[in-house]
Amino acid sequence: MNYSVDALKGKHIIVGISGGIAAYKAPLLVRLLVKAGAEVRCATTEHALQFVTTLTLETVSNNAVYSDLFAPHNEHSTEHISLKDWGDMMVVAPATANIIGKLANGIADDALSTLLVSFRKPLFLCPAMNTQMLECHSVQRNIDYLRSQGVHFVESTSGALACGTEGKGRMEEPENIVAQMVDQLNHDDGQQDYDGKRVLITAGPTYERIDAVRFIGNYSSGKMGFALAEELAGRGAKVVLVTGPTHLTTHHTNIERIDIESAEEMYRAATGHFAQCDAAILSAAVADYRPAERADYKLKKQGDSDMTLRLVQNPDILATLGQQKQQGQRLVGFALETNDEEQNALKKLEKKNLDFIVLNSLQDAGAGFGHNTNKVTILDRDGGKTVGTLKSKAAVAKDIADHLRSLLD
Ligand code: CTP
């Protein structure tokens, strides 16, 4: 692996270690960071020291290990505070369900969790646990929440687990953890290649009202569109994010967020802003139809008879922007397909006058609605095709932003 980018040289990095078997790989991570020129201090939970010794960590980091809130040998009486001031960034590898849960809920009851709760600089968590634990809805909720607060997650990989099963939950290899940290540092250190650009993004589902309490919706979480908004804003773009109902939050001050509910509202917001934008990326899962009539009261059950709901077509926002597109403007669409994927996506690209289309296949595990990961293929107008691998939505957003940037100007 090549760290010639020098991003880590002279950086103060805190390596947090919580109590999972993958802790045996933590000394390797520390070594790689030290080798790349960083100064490293380790902070561990008590359980982590069942898997890796203080002596090992002190030897590879060349620094004392912080593992006991009240140890008399701590340099300062409030070690977690002085340590959080010292660190430029922090990585927790492995991050167990427990430490993730503590941070997500503001629990600070040992050295590592106290430090984490006080730490406000770039933070990477590298989850490592049994597949069922990782899939547990409360663990996923905690991960989603922390992600929405700007915490970076180094996705765990699939393979043989210490418990004897196979599945997702292995900690990413130390080399790849370092690579993702370097990527982020380079990114934060100001790749401002969207400076002066204005980009419209649509995200999330739309809700089409049936009556005062019911609607037609879909499972879109908005994560892909929000990841795109953060990526572009971080690179200097002014982003207009038109989003359907979602629990996600935005962070970057370059993002102007417009919350809407229905496709018609999204249509009005998007068409109203497009003319002032250099590009638009429409990732929203827009309902193609809406109820012809909306009751502003709660509909009552009609005895034993069935009910028929008449639906009328919603405007196609992407196709409308395709017609309005001026020279120099770029338009990107998404296609979620289940069969004849490429053929269908290319038809949409042509019909809606797009510059490229991002194809999601529902046949790919871990891709599409609700997941934190995605696997996409980018199809260009001129026949170009870029097949991506399964990665975090943030990483997919970066790929899409890189692709779009090469088409602007
Ligand atoms: N889209 C839109 N407005 C709509 C429907 C879709 O802007 N009313 C956009 C989506 O945001 C996405 C792209 O069009 O970027 C593809 O949406 P999709 O629903 O897959 O395409 P459709 O044209 O509706 O085709 P079909 O439902 O037949 O697959």
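In helix H10, the buried residues (under 20% relative accessible area with a 1.4 Å probe and protein chains only, where exposed means over 50% and partly exposed lies in between) include Ala263, Met266, Ala269, Ala270, Thr271, His273 and Phe274. Helices here are DSSP runs of H or I with at least four residues, strands are runs of E with at least two, and both are numbered from the N terminus. The twelve residues of H10, 263-274, should span 16 Å at 1.5 Å a residue, and the end C-alpha atoms are 16 Å apart, which agrees; the expected span is 1.5 Å times one less than the number of residues.

The model is predicted, so local features need pLDDT of at least 70 and side-chain atom pairs count only at pLDDT 80 or more, whereas totals for chains, interfaces and linings use all residues. Residues are numbered from 1 along each chain as its sequence is written, and side-chain values use heavy atoms, with hydrogens and water left out.

**Salt bridges**

The structure holds 26 salt bridges, each being a side-chain nitrogen of Lys or Arg within 4 Å of a carboxyl oxygen of Asp or Glu. Three of these pairs are set out below.

| Pair | N to O distance | Relative accessible area |
|---|---|---|
| Aspartate 144 and lysine 223 | 3.5 Å | 18% and 14% |
| Glutamate 155 and lysine 168 | 2.8 Å | 18% and 29% |
| Arginine 214 and aspartate 211 | 2.4 Å | 35% and 1% |

Aspartate 144 and lysine 223 meet in a salt bridge; aspartate 144 lies in helix H7 (residues 137-148) and lysine 223 in helix H9, so the pair ties together parts that are 79 residues apart in sequence. Aspartate 144 is buried, and lysine 223 is buried as well. In the pair of arginine 214 and aspartate 211, arginine 214 counts as partly exposed, whereas aspartate 211 counts as buried. Asp193, Glu231, Arg235, Lys398 and Asp402 are linked in a network of salt bridges.

**The second largest pocket**

A pocket is an open set of points on a 1 Å grid over the protein atoms alone, where a 1.4 Å probe fits, with protein on both sides within 12 Å along at least five of seven lines, and lining residues have an atom within 4 Å of a point. The second largest pocket holds about 920 Å³ of space. Its lining has 40 residues, of which Ala284, Ala285, Val286, Phe334 and Leu336 lie nearest the centre. Elements that each supply at least two lining residues include strand S8 (198-203), helix H9 (223-234) and strand S16 (330-337).

How values were computed:
Points joined across faces, edges and corners; volume = space filled by probe spheres on them.
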